Structures are given as structure tokens and as C-alpha cells.
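Student: I should like to learn how to read helix faces and unusual backbone geometry in a model. May we work through one together?

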Amino acid sequence: MSQRVRTSPEGSGQPLNEVYDTALLDLDGVVYAGGNAIAHAVDSLELARTGGMHLAYVTNNALRTPDAVAGHLTELGIPAGADDVITSAQAVARLISEQVPAGARVLVIGGEGLRVALRERGLTPVESADDDPAAVVQGYGGPDLPWGRFAEASYAVRRGVPWYASNTDLTIPSGRGIAPGNGAAVEVVRIATGAEPQVAGKPLPPMHRETIIRTGAERPLVVGDRLDTDIEGAFNGEVDSLLVLTGVTDGVQLLAAPPRHRPTYVDADLRGLLTGQPEVGREDDGFRCGGWTATAGSDRLELTGDGEAMDGLRALCAAAWTAAGDDSCALDGQKALARLGL
């Protein structure tokens with residue numbers, strides 16, 4: 001896929017699990033939320049896997065180890081091994097290992113996932129800015145990470161120690177709603193130091209490189225719920241993507257998406273892996289998908305017809321993205337989305 005300006009979601013006459021050899025699946029908001037499987041995820045992934053699609057779980061959450069993530073997936077009814085899991089902790093550990101001496105000490109602000117990933121690359125995790133670290137690495141440490149850890153990072157960074165972040169997601173889905181993510185914690189250290197970290201996670205190239213190295217995917221499909229990480233990461237890697245609406249992205253955000261945030265396909269949940277994707281056709285009176293027709297007016301998006309809600313959303317995306325071109329669509333889509341229950 002070239003980085004052209006996408007003006008509508010694409011169609012596919014074949015089920016996506018037959019078109020692509022590997023699904024690069026985000027976890028939080030796609031497979032589970034707050035530790036519980038999202039509706040239809042378990043059955044959909046089993047059918048995709050038995051149909052021959054390789055499933056790889058790619059997460060910006062650096063807290064847990066691949067073993068722990070695989071164990072959790074298996075408990076949910078999704079068989080997985082540690083080799084099936086790629087984390088931003090692994091991506092940032094590789095990035096650090098390429099820039100510091102072998103065996104160097106690295107100050108860890110985060111959880112066990114970071115420590116394990118650093119050891120895998122031959123680096124030595126330490127806990128204090130007074131341990132003479134060659135680098136500082138910051139990753140999501142969970143809701144109980146002590147505030148003093150941010151001070152420890154700040155002491156080292158202000159001394160000139162290179163600073164790395166696994167990712168900068170400002171939020172993370174939980175079973176109770178949307179919670180602050182690692183990006184919010186990174187902002188604390190940035191404010192205290194005025195420094196900028198090197199970031200490895202989605203949507204940046206180090207994470208895509210780590211994923212391809214570990215999976216060997218030749219025809220990958222990125223599957224995610226976030227426009228600014230999953231979909232932009234696919235755009236940067238020039239691979240196709242499927243956005244599912246089970247996480248943080250809603251219809252308003254999708255319609256307003258600039259080119260780098262426009263997914264190849266859109267569906268309600270992971271059942272979208274098992275189906276073809278309907279084409280959006282351009283007609284004299286607008287953009288048609290299924291029984292819906294969407295048009296772009298002077299100040300709002302209009303929707304007529306009836307049918308499946310996802311078809312209506314795909315038609316609206318085509319109208320919004322075509323009207324916006326290289327920019328974000330500023331047309332009001334609230335009334336149209338309300339007709340779809342979105």
C-alpha cells in the first residue's frame with residue numbers, strides 16, 4: 001500500500017483472514033479491556049487462526065512480560081505463546097541496545113515487562129539515578145507506580161542521561177473507562193526536565209521493525225482501536241489496517257481523521273477479520289455503501305437510506321475524507337452518526 005490520500009474505506013471480496021497472512025493485533029481495546037475479553041474476540045480469533053492466519057499480539061503497554069500476556073490470553077480462551085506477543089518494551093530495549101555499550105545500566109521507570117526486555121538485550125536494569133545509568137527508560141507502570149519514580153527519572157535526565165520511552169499513549173482503556181497512559185507519565189518528566197525522549201512504540205518505526213523481525217509477516221494487517229497509534233503506525237509502515245470500534249475511537253474522531261489516521265477497513269469488532277468488506281461506490285448523489293448514501297454539505301454530513309450501521313459509517317467516511325482531502329474533515333457528522341446509533 002502506498003501512502004496515498006485515502007478517500008474511503010476499501011472493499012474486499014474475500015474475508016480478510018484469507019487476504020493477509022498475519023494479523024498484528026493490538027490488545028487493549030481490541031482483544032480485551034480491563035482484563036476481560038471483548039465481545040466476539042475469542043470466537044473470531046479462533047476462526048481466523050484455524051483458517052490459517054497467523055495471530056500476533058502487538059501492544060504499546062510495556063507493563064507485562066510476553067509470558068504474562070500470553071498466559072492471560074490463553075486463560076481467556078485465546079491460545080498464545082510468548083513468541084506471539086510483541087511489546088513496546090521489546091522495541092525500546094532494542095533501540096537502547098543499539099546506542100549504549102553492551103551490559104550498560106538502564107534506569108527503569110515502569111514495570112517488569114521493561115526489565116525483562118532489557119535483560120533480553122543484555123542490558124542491566126537499575127532503580128536509582130545514583131546507579132550511574134547510561135540511559136533512562138520509561139514505560140507504563142500501572143496505576144500503583146509511585147510518584148517518586150518520576151522524580152528519579154527527572155534527576156537522571158536533567159544530568160544529561162539519554163531518555164527513552166516505550167510509547168506515548170496518553171490514555172489506556174480499562175474495565176472502568178479510560179485511564180491515563182504512559183504518555184501522561186512521560187509528560188510529567190518532560191515538564192520537570194524540558195527534555196524530549198526517544199520513543200519506540202506505535203506509531204513509530206522501531207515498533208514496526210520489531211514486529212516484522214519477530215513475526216516474519218509478509219502480508220500483515222494491523223488491527224487496532226486507536227487512530228494515533230495503530231492506524232498511524234500502519235500508515236508509517238505502508239501496510240493495511242483494520243479499525244475496530246471496541247476501544248477509544250468513536251465515529252466523530254474517525255470522520256475527522258487526517259490521511260495518516262484513515263484505516264484501510266472499518267468494522268464494529270473482530271468479526272471483521274472473517275468477512276469481506278463492502279465497497280463504497282461513488283454516485284451522482286453521494287457515496288453509497290449497502291443501503292446508505294452519504295453526502296457532504298456546506299457545513300454537515302448528510303445520510304439517507306437504511307441498513308447495516310457499519311455500511312452507513314463507511315459511506316460517511318468516504319464523504320468526509322473526500323471533502324477533507326489532505327486535511328481533517330470539519331463537517332458536523334453528529335446527526336448522521338446518531339442515525340446509525342454511533
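Student: Which residues of helix H3 (residues 66-75) are buried?

Tutor: In this predicted model, the buried residues of H3 are Pro66, Val69, Ala70, His72 and Leu73. They span an arc of only 160 degrees around the axis, so they lie on the same side of H3.

Student: Which exposed residues does the face of H3 turned away from its buried side carry?

Tutor: That face carries Asp67 and Glu75. As for the buried residues of H3, their cover includes strand S2 (32-33), strand S4 (54-59), strand S5 (85-87) and helix H4 (88-97). Just after H3, Gly77 adopts a positive phi of about 100 degrees.

Student: What should one expect of phi in general?

Tutor: Most residues other than glycine have a negative phi. Asp132, although not a glycine, has a positive phi of about 55 degrees. Asp132 is located in the loop between strand S7 (124-126) and strand S8 (135-138). With a relative accessibility of 64%, above the 50% cut-off, Asp132 therefore counts as exposed.

Student: Where does Glu238 lie, and what is its phi?

Tutor: Glu238 is in the loop between helix H9 (227-237) and strand S14 (240-244). Its phi is positive, about 55 degrees, although Glu238 is not a glycine. Its relative accessible area is 42%, so Glu238 is partly exposed.

Student: Is the peptide bond from Lys202 to Pro203 cis or trans?

Tutor: Most peptide bonds are trans. The bond from Lys202 to Pro203 is cis, with omega near 15 degrees. Pro203 belongs to the loop between strand S12 (198-199) and helix H8 (205-215).

Note on methods
Residues are numbered from 1 along each chain as its sequence is written. This is a predicted model: local features need pLDDT of at least 70, side-chain atom pairs count only at pLDDT 80 or more; totals for chains, interfaces and linings use all residues. Side-chain values use heavy atoms; hydrogens and water are left out. Helices (H or I, at least four residues) and strands (E, at least two) are DSSP runs, numbered from the N terminus. Buried means under 20% relative accessible area, exposed over 50%, partly exposed in between (1.4 Å probe, protein chains only). The arc is that of the directions from the helix axis to the C-beta atoms. Contact means heavy atoms within 4.5 Å.
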